[in-house]
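Please go through this model with me, one question at a time. I would like the reasoning before each result.

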Amino acid sequence: ILRQKYEEAINHPDIVALSIATRPDCLGDDVLRLLNEMNKIKPVFVELGLQTIHQKSAKYIRRGYDLSVYNKAVRNTLTSTVSIDGKARDAYPKDR
């Protein structure tokens, strides 16, 4: 289903790039391969949400994945042809 949606978007004449925001635990090798293919057609950007590096806060907000999952997704994306961006929140109550 991702291939169909991404191809539809990236092949539209008014679209200049594909920008995707996703969780790092949803960015498996199969998705990265697909994004690399799409990047041959038009630029692809991936934004990974980190929210926090603190385990207490991750549990508090029910993030659902460990920091190692984020780190792996970043490493895998950096070795691909896709551009990467990240976002993190400044502080959660459990960070203090």
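The turns below cover the strands, the core, one buried residue and the salt bridges.

User: What kind of model is this, and from which number are residues counted along each chain?

Analyst: This is a predicted model, in which local features need pLDDT of at least 70 and side-chain atom pairs count only at pLDDT 80 or more, while totals for chains, interfaces and linings use all residues. Side-chain values use heavy atoms, with hydrogens and water left out, and residues are numbered along each chain, as its sequence is written, from 1.

User: Do strands E1 and E2 run parallel or antiparallel, and what is the hand of the crossover between them?

Analyst: Helices (H or I, at least four residues) and strands (E, at least two) are DSSP runs numbered from the N terminus, and two strands pair if DSSP finds at least two bridges between them. E1 (residues 18-22) and E2 (residues 44-51) are joined by five bridges and run parallel. Between them the chain passes through helix H2 (residues 29-39), and this β-α-β crossover is right-handed. With the strands pointing away from the viewer, the path from the first strand over the helix to the second runs clockwise, which is the definition of right-handed.

User: Which residue in E2 is the bridge partner of Ala 21?

Analyst: Ala 21 has its bridge partner in E2. That partner is Glu 47.

User: Which element gives the largest share of the largest nonpolar core?

Analyst: A nonpolar core is a set of buried (under 20% relative accessible area, 1.4 Å probe, protein chains only) Ala, Val, Leu, Ile, Met, Phe, Trp, Tyr and Cys residues joined through side-chain atoms within 4.5 Å. The largest one has 18 residues, and Tyr 6, Leu 18, Leu 27, Leu 35, Met 38 and Val 44 touch the most other members. Two or more residues come from each of helix H1 (2-10), E1, H2, E2 and H4. The largest share is five residues, from H2.

User: Against which elements do the buried residues of H2 pack?

Analyst: The buried residues in H2 are Val 31, Leu 32, Leu 34, Leu 35, Asn 36 and Met 38. Contact means heavy atoms within 4.5 Å. The buried residues of H2 pack against H1, E1, E2 and H4.

User: Is Thr 77 buried or exposed, and which backbone oxygen does its side chain reach?

Analyst: Thr 77 is found in helix H4 (residues 67-78). Because its relative accessibility is 0%, Thr 77 counts as buried. Leaving aside neighbours within four places in sequence, Thr 77 is in contact with Leu 27, Leu 32, Val 82 and Ile 84. At 2.7 Å, its side chain reaches the backbone oxygen of Ala 73.

User: How many salt bridges does a search of the whole structure find, and which residues do they join into one network?

Analyst: A salt bridge is a side-chain nitrogen of Lys or Arg within 4 Å of a carboxyl oxygen of Asp or Glu, and the search finds three. Arg 3 meets Glu 7 at 3.3 Å, N to O, and Glu 37 at 2.9 Å between the closest N and O atoms. Arg 23 pairs with Asp 25, with the closest N and O atoms 2.8 Å apart. Shared partners make one network of Arg 3, Glu 7 and Glu 37.

User: Which salt bridge of Arg 3 links distant parts of the chain?

Analyst: Arg 3 and Glu 7 both lie in H1, four residues apart, about one turn of the helix. By contrast, Glu 37 lies in H2, 34 residues from Arg 3 in H1. The pair that links distant parts of the chain is Arg 3 and Glu 37.

Note on methods. Buried < 20%, exposed > 50% of the residue type's maximum accessible area, 1.4 Å probe, protein only. Polar contact = N/O pair within 3.5 Å; in protein donor to acceptor, adjacent residues only side chain to side chain.
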